[in-house]
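Trainee: I'm new to this one, so please start with the basics and then zoom in on a single part.

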Amino acid sequence: MEKCGIEGKAFFVEEIENLSALSLFPNPADDVLNISLEFGSAQDAQISIVNMSGQVIETITTGVITNYSNAIDISGLAAGVYMVRVASGNQATIRNFVVE
């Protein structure tokens with residue numbers, strides 16, 4: 001389990017066991033954030049961009065996949081720290097990225 005927090009509130013997230021790779025690049029980013037996922041076996045996933053207040057900025061549903069790659073336009077986001085939350089079933093993996 002990974003301990004996460006938004007504005008002083010701590011919570012625990014059970015990491016996705018079947019997620020073999022998660023890449024966010026470039027980090028820091030300014031216009032586009034590239035997201036790449038690789039699962040050990042096919043499963044559905046939901047990818048959310050979340051600000052540090054917990055507000056979901058954008059959500060992408062992938063359908064059933066083993067590999068996923070997408071470039072997300074983040075040019076409208078204010079400078080700061082954001083999270084990418086990849087959820088599948090009752091598990092999730094969270095990574096931070098910075099917008100310059």
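How many helices and how many strands does the protein chain have? After that, take a close look at the aromatic pair with me.

Mentor: Before we start, keep in mind that this is a predicted model, where local features need pLDDT of at least 70 and side-chain atom pairs count only at pLDDT 80 or more, while totals for chains, interfaces and linings use all residues. Residues are numbered from 1 along each chain as its sequence is written, and side-chain values use heavy atoms, leaving out hydrogens and water.

Now, your count: the protein chain has 0 helices and 7 strands (DSSP runs numbered from the N terminus: H or I of at least four residues for helices, E of at least two for strands). Along the sequence that reads β-β-β-β-β-β-β. Of its 100 residues, 38% are buried (under 20% relative accessible area with a 1.4 Å probe, protein chains only; exposed is over 50%, partly exposed in between).

On to your close-up. The rule gives 1 aromatic pair (Phe, Tyr or Trp rings, the six-membered one for Trp, with centres within 6.5 Å; planes under 30 degrees apart are stacked, over 60 edge-to-face, the rest tilted). Its partners are tyrosine 82 and phenylalanine 97, stacked with 5.8 Å from centre to centre and 25° between the planes. They tie together distant parts of the chain, 15 residues apart: tyrosine 82 sits in strand E6 (residues 80-88), phenylalanine 97 in strand E7. Tyrosine 82 and phenylalanine 97 are both buried.

Follow strand E7 (91-99) onward, and the segment after it holds glutamate 100. That residue counts as exposed because its relative accessibility is 60%.
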